[in-house]
Amino acid sequence: MFRPGFRRFASNLTSSASEFAYTLQVSQAQGTVNGFVGAIGRTPLIRLNKLSDETGCEILGKAEFMNPGGSVKDRAALYVIKDAEERSLLRPGGTVVEGTAGNTGIGLAHVCRSKGYQCVIYMPNTQSQGKIDLLRLLGATVHPVPAVAFDNPENYNHQARRHAERLAAETGNAVWTNQFDNTANRRAHIETTGPEIWAQTNGAIDGFTCATGTGGTLAGVTRYLKEQSEGRVKCFLADPPGSVLYSYIKSKGALTERSGGSITEGIGQGRVTDNLAQEIDLIDDALHISDEKSIAMVYRLLDEEGLYVGASTALNVVAAYEMAQVLGPGKTVVTVLCDGAYRYAERLFSRGWLQGKGLLEAIPERLHKYIVLP
């Protein structure tokens with residue numbers, strides 16, 4: 001007769017062997033990859049345990065912060081460059097130009113370095129010096145320009161386009177990647193993110209939701225999941241304050257004037273981009289997520305799941321939680337964990353900043369221990 005302690009030891013060995021076998025299987029499937037771009041994608045789906053248990057659903061987050069450049073935008077960056085190469089707009093030694101204030105620029109800078117291209121980024125001069133320094137550290141030439149509305153010819157996106165057109169005329173080897181309206185962005189998620197989610201859930205997915213800036217992720221994943229499930233999978237748009245897309249979906253096509261703003265970065269829109277327009281009719285519903293809910297979720301995810309994420313990711317998770325409540329127990333809902341909190345920590349975990357935004361009270365008192373910056 002085995003002693004209880006030995007039985008527990010044997011049971012632990014069996015469990016460890018099972019985990020090892022799974023790890024070995026995943027590692028063999030991954031193999032080795034070719035350079036930086038080969039490491040983009042194939043991110044895991046993380047079960048958000050506390051939220052799943054609360055709702056009786058499986059709430060899963062696609063861990064896009066595990067991309068080599070640190071965000072979901074690595075996928076779009078790779079595909080807009082890949083598209084330019086395929087159309088012979090970009091050859092070795094060429095220049096990639098983009099107007100971006102966020103993660104797309106970081107992704108482009110990484111991909112350009114790995115492929116030997118020059119990278120030029122235009123951004124509003126309201127962005128932090130840290131963000132400018134990071135892009136320059138990655139080898140990009142950065143042009144901070146006055147922050148003006150999109151319909152102003154001096155908007156950073158239009159300046160980027162003119163810069164690329166000028167270089168293309170002079171050298172025949174430059175491209176404006178145009179992340180908002182270049183549908184290669186959407187294609188990245190039809191060909192990679194969507195298939196990964198479908199395979200990782202074995203097709204047992206009931207809902208997908210995320211916010212949209214360029215529209216590429218939501219549109220591409222929605223297209224793939226709708227096709228694979230023959231329309232069964234529900235897809236919801238998540239929208240922050242200051243964006244018009246929630247009202248656009250709810251009103252079935254009426255655009256309102258954009259007003260207000262949000263603490264989230266890289267998401268929300270004042271128009272329907274070409275990426276989103278491709279699949280807008282496939283979106284089943286929309287969720288409006290307040291900044292109060294997003295900031296509270298930043299702290300919940302850190303405390304309950306050990307996930308250190310930015311406000312845009314937190315907004316997506318709130319949307320997944322609310323979608324799960326709409327769909328009901330027993331469903332599987334997937335969202336996107338866009339990036340980590342590392343680039344936003346000086347604000348999101350600052351007592352002074354939270355008070356200035358009127359968000360301190362939105363964070364439960366028990367979680368104030370994470371507010372470590374003055």
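Is Cys-210 buried or exposed? At 1% relative accessibility, Cys-210 counts as buried. That is a good place to start a walk through this model, which is predicted.

Let us stay with the cysteines for a moment. The structure holds zero disulfides. Cys-210 is in no such bond, and the nearest cysteine sulfur, that of Cys-338, is 7.4 Å away. A disulfide needs the two sulfur atoms within 2.5 Å, so the pair formed by Cys-210 and Cys-338 does not qualify. Cys-57 tells a similar story: its closest cysteine sulfur belongs to Cys-235 and is 16 Å away, which is too far for a bond. Cys-57 is also buried, with a relative accessibility of 1%.

Next come the helix pairs. Two packed helices are described by the angle between their axes and the distance between those axes. With that in mind, look at helix α4 (73–86) and helix α5, which covers residues 103–115. Their axes lie 8 Å apart and make an angle of about 50 degrees, and that makes α4 oblique to α5. The crossing of these two helices is right-handed. On the α4 side, the residues that meet α5 are Lys-73, Asp-74, Ala-77, Leu-78, Val-80, Ile-81 and Glu-85. Facing them from α5 are Asn-103, Thr-104, Gly-107, Leu-108, Val-111, Cys-112 and Lys-115. Sorted by class, this contact has seven nonpolar, three polar and four charged residues.

If you follow the chain out of α4, you come to the loop between α4 and β3 (95–99), where Ser-88 is found. Most residues other than glycine have a negative phi. Ser-88 is not a glycine, yet its phi is positive, at about 60 degrees. With 55% relative accessibility, Ser-88 counts as exposed.

Further along is strand β4, residues 118–124, which contains Ile-121. What is the relative accessibility of Ile-121? The value is 0%, so Ile-121 counts as buried. Leaving aside residues up to four places away in sequence, Ile-121 touches Glu-98, Thr-100, Gly-105, Leu-135, Ala-140, Thr-141, Val-142 and His-143. Gly-105 deserves a second look: Gly-105 and Ile-121 are 16 residues apart in sequence, and their C-alpha atoms are 6.6 Å apart in space.

Now move on to helix α8, residues 184–200, and helix α9, residues 216–229. Here the axes are 7 Å apart and the packing angle is about 50 degrees, which means that α8 is oblique to α9. α8 passes α9 in a right-handed crossing. The α8 side of the contact consists of Asn-185, Arg-186, His-189, Ile-190, Thr-193, Gly-194, Pro-195, Ile-197 and Trp-198. From α9 come Gly-216, Thr-217, Ala-219, Gly-220, Val-221, Arg-223, Tyr-224, Leu-225, Gln-228 and Ser-229. By class, the contact has eight nonpolar, nine polar and two charged residues.

Helix α8 also holds Glu-196. At 13% relative accessibility, Glu-196 counts as buried. Which residues does Glu-196 touch, not counting those up to four places away in sequence? They are Gly-41, Arg-42, Thr-43, Lys-62 and Arg-75. Glu-196 and Arg-42 are 154 residues apart in sequence, but C-alpha to C-alpha they are 6.7 Å apart in space.

Another positive phi turns up at Lys-252, where the angle is near 60 degrees in a residue other than glycine. Lys-252 is in the loop between α10 (245–250) and α11 (274–277). With a relative accessible area of 77%, Lys-252 is exposed.

The walk ends with helix α12, residues 291–305, and helix α13, residues 311–327. How are these two arranged, at what angle and at what distance? They pack at about 95 degrees, with their axes 8 Å apart, and that makes α12 roughly perpendicular to α13. From α12, the contact uses Lys-293, Ser-294, Met-297, Val-298 and Leu-301. From α13, it uses Ala-311, Ala-314, Leu-315, Val-317, Val-318 and Glu-322. By class, that comes to eight nonpolar, one polar and two charged residues.

Definitions and conventions. Residues are numbered from 1 along each chain as its sequence is written. This is a predicted model: local features need pLDDT of at least 70, side-chain atom pairs count only at pLDDT 80 or more; totals for chains, interfaces and linings use all residues. Side-chain values use heavy atoms; hydrogens and water are left out. Buried means under 20% relative accessible area, exposed over 50%, partly exposed in between (1.4 Å probe, protein chains only). Axes are lines fitted to C-alpha atoms, for helices over the stretch in contact, and angles run from 0 to 180 degrees between N-to-C directions. Helices (H or I, at least four residues) and strands (E, at least two) are DSSP runs, numbered from the N terminus. Angles under 35 degrees count as roughly parallel, over 145 as roughly antiparallel, 65 to 115 as roughly perpendicular and the rest as oblique. A crossing is left-handed if the near helix is turned anticlockwise from the far one by less than a right angle, and right-handed if clockwise. Contact means heavy atoms within 4.5 Å. Ala, Val, Leu, Ile, Met, Phe, Trp, Tyr, Cys and Pro count as nonpolar, Asp, Glu, Lys and Arg as charged, and the others, Gly among them, as polar.
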